[in-house]
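Thank you all for making time this morning. I would like to walk you through a structure that will be new to most of you, so please have the sequence and the three-dimensional view open while I talk.

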Amino acid sequence: MFRIIYYLCVALCLKHFILYCYMVDIFERLERNTGGPIGQYMQNVHGYFAFPKLEGEIGPHMRFRGKMMLNWSLNNYLGLANHPEVRKADAAGAAEFGMAAPMGARMMSGQTKYHEQLERELAEFVGKEDAFLLNFGYQGMISIIDCLLTHRDVVVYDAEAHACIIDGLRLHKGKRFVYAHNDEASLRRQLQHATDLAEEQKGGVLVITEGVFGMKGDLGFLDVIVKAKKDFNFRLLVDDAHGFGTMGPGGRGTAAHFGVVDGVDVLFNTFAKSMAGIGAFVSGPRWLINLFRYNMRSQLYAKSLPMPMVIGALKRLELIRNHPEYQEKLWEITRALQSGLKANGFEIGVTQSPVTPVYMKGGNEEGTNLIVDLRENYGVFCSIVIYPVIPKGEIILRVIPTAAHTMEDVEYTINAFKAVRDKFESGYYSSMPIPMKADPDFKVR
């Protein structure tokens with residue numbers, strides 16, 4: 001018996017020794033892999049390509065590293081960020097209430113008549129029965145998905161859905177099917193798979209897509225999805241972050257653009273783009289919005305949206321409602337920019353919105369050299385998208401027109417793009433060193 005106990009103790013000690021040898025300290029692992037797939041480049045890109053500091057009044061002309069830039073990188077679609085009435089409303093809200101009010105979560109002590117007023121006006125604007133304010137857009141979409149679904153429910157979603165949708169689906173404990181981007185045949189195949197599984201599990205089916213896809217600028221085919229309701233039983237959730245204020249009559253969104261507002265069951269919008277603010281809202285039938293009010297954990301346990309943001313959002317919505325010329329000016333600039341780029345041989349893909357991607361073929365070094373040249377020698381600031389965000393060998397220059405830009409801005413930018421394209425095609429950017437420097441004050445460790 002003693003020998004058996006002895007061998008058991010030895011075996012147990014060996015087990016713990018082996019486990020200890022194979023254990024990894026969390027911080028050691030993170031430090032060895034500092035940054036992840038994008039952050040691994042932080043030492044070289046921080047402060048220039050990543051986390052750049054744009055200074056001055058928000059608008060088409062801002063300062064970057066001491067130089068004035070023609071700025072095409074902000075989602076300030078309607079030019080409201082520095083509208084005098086917006087600035088006045090923001091300041092008045094802060095002066096009257098401060099940033100602390102209201103204290104507490106909405107359910108407990110953070111409810112005000114202004115929050116309720118904003119929800120009523122937003123719901124009316126987008127054509128829904130009721131709306132619920134959310135503190136943040138990204139967090140909001142994750143919370144909506146979490147609140148809507150059980151493990152028995154099945155999700156069908158677009159292959160190019162935004163990261164907030166993907167992260168929301170990671171919380172979903174049920175099955176999900178992805179359809180090829182804006183592909184009707186693929187959608188219907190996945191809907192059939194989802195329907196069969198949902199019937200077996202006694203669950204439901206939710207389709208999720210975007211109104212405007214923020215990288216390519218094309219529209220989610222909401223009309224096609226709504227039409228599919230004739231053959232399949234599902235509900236539709238639409239993230240229309242880039243569509244609010246830009247698409248549809250009066251900026252009422254992509255669902256209004258397609259004339260399918262009633263076919264969209266749950267509509268999500270953010271303030272971070274056309275409203276030039278912070279926060280978001282979800283809208284739909286009143287019973288569902290009340291369900292969100294009492295069950296959305298990220299809002300139940302979070303402080304209410306501060307009063308200056310609510311007062312400011314009311315003013316922004318008023319301006320959007322009463323000044324359709326802002327949306328008209330946005331589209332005037334958008335059409336001039338996109339048609340000018342195409343007329344000069346640039347590939348801008350399938351965009352149907354103000355989002356304007358300019359596609360090029362080349363390596364990361366060529367793309368980064370081009371951007372440095374564009375900023376340092378032509379004074380044009382736009383975002384670049386390269387590997388690992390998109391496949392190797394591809395480059396996207398992402399240009400965002402706004403109502404605050406001018407035709408002169410468009411003409412100058414197209415000429416600058418033509419100049420850097422000539423250099424690009426000649427191989428100039430393949431051999432030149434990157435003349436920029438990352439932020440000297442930034443330390444990885």
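**Two cysteines, a strand residue and the spaces around them**

Let me begin with Cys147, which counts as buried because its relative accessibility is 18%, and the cut-off for that word is under 20%. Please keep in mind throughout that what we are looking at is a predicted model.

What, then, keeps Cys147 out of a disulfide? The closest cysteine sulfur is the one in Cys164, and it lies 16 Å from the sulfur of Cys147, which is too far for a bond. Seen from the other side, Cys164 is likewise in no disulfide, with the sulfur of Cys147 as its nearest cysteine sulfur at 16 Å. Cys164 is buried too, since its relative accessible area is 3%. For the structure as a whole, the number of disulfides is zero.

Cys147 belongs to helix α7, where the buried residues are Gly137, Gly140, Met141, Ile142, Ser143, Ile144, Ile145 and Cys147 itself. This helix has 12 residues, and from its first C-alpha to its last it reaches 17 Å, which is close to the 16 Å expected at 1.5 Å a residue.

From here I would like to move to Asp239, which sits in strand β8, covering residues 235-239. Is Asp239 buried or exposed? It is buried, because its relative accessibility is 3%. If we set aside residues up to four places away in sequence, Asp239 touches Met141, His162, Cys164, Ile165, Thr209, Glu210, Gly211 and Phe268. Two of those names have already come up, namely Met141, a buried residue of α7, and Cys164, the buried cysteine. As a contrast, Asp239 and Phe64 are 175 residues apart in sequence, and their C-alpha atoms are 32 Å apart in space.

Helix α7 also leads us to an open space, the second largest pocket, whose volume is about 370 Å³. Its lining is made of 17 residues, and the closest to the centre are Leu148, Arg235, Val266, Trp287 and Leu288. Which elements each supply at least two residues of this lining? They are α7 (137-148), β7 (205-210) and α12 (286-295), and α12 gives the most, with three residues. Sorted by class, the lining has 11 nonpolar, five charged and one polar residue.

Closed spaces are a separate matter, and here the count comes to three cavities of 30 Å³ or more. The largest cavity has a volume of about 60 Å³, and the residues that line it are Ile58, Gly59, Pro60, Asn71, Leu74, Asn76, Ile400, Thr402 and His405. That lining divides into five polar and four nonpolar residues, with no charged ones.

Before I finish, I would like to point out a few places where the backbone deserves a careful look. A cis peptide bond joins Ala101 and Pro102, with omega at about -10°, and Pro102 is in the loop between α5 (84-97) and α6 (113-126).

Two residues that are not glycine have a positive phi. One of them is Phe51, with a phi of about 55°, located in the loop between α4 (42-45) and β1 (54-55). Phe51 is exposed, because its relative accessible area is 65%, where the word calls for over 50%. The other is Lys202, whose phi is about 60° and whose place is in the loop between α9 (184-201) and β7. Lys202 is exposed as well, given a relative accessible area of 73%.

Finally, let us step back to the chain as a whole. It has 18 helices and 14 strands, and its C-alpha atoms fill a box of roughly 90 × 60 × 55 Å along the principal axes. How much of the chain is buried? Of its 445 residues, 50% are buried. Among contacts between residues at least 6 apart in sequence, 71% join residues at least 24 apart.

Definitions and conventions
Residues numbered from 1 in each chain as written. Predicted model: local features only at pLDDT ≥ 70, side-chain atom pairs only at ≥ 80, totals over all residues. Heavy atoms only, no water. Disulfide = S-S within 2.5 Å. Buried < 20%, exposed > 50% of the residue type's maximum accessible area, 1.4 Å probe, protein only. 1 Å grid on protein atoms, 1.4 Å probe; cavity = no way out; pocket = protein on both sides within 12 Å on 5 of 7 lines; lining within 4 Å. Points joined across faces, edges and corners; volume = space filled by probe spheres on them. Helix = DSSP H or I, 4+ residues; strand = E, 2+ residues; numbered from the N terminus. Nonpolar A, V, L, I, M, F, W, Y, C, P; charged D, E, K, R; others polar. Expected span 1.5 Å × (residues − 1). Contact = heavy atoms within 4.5 Å.
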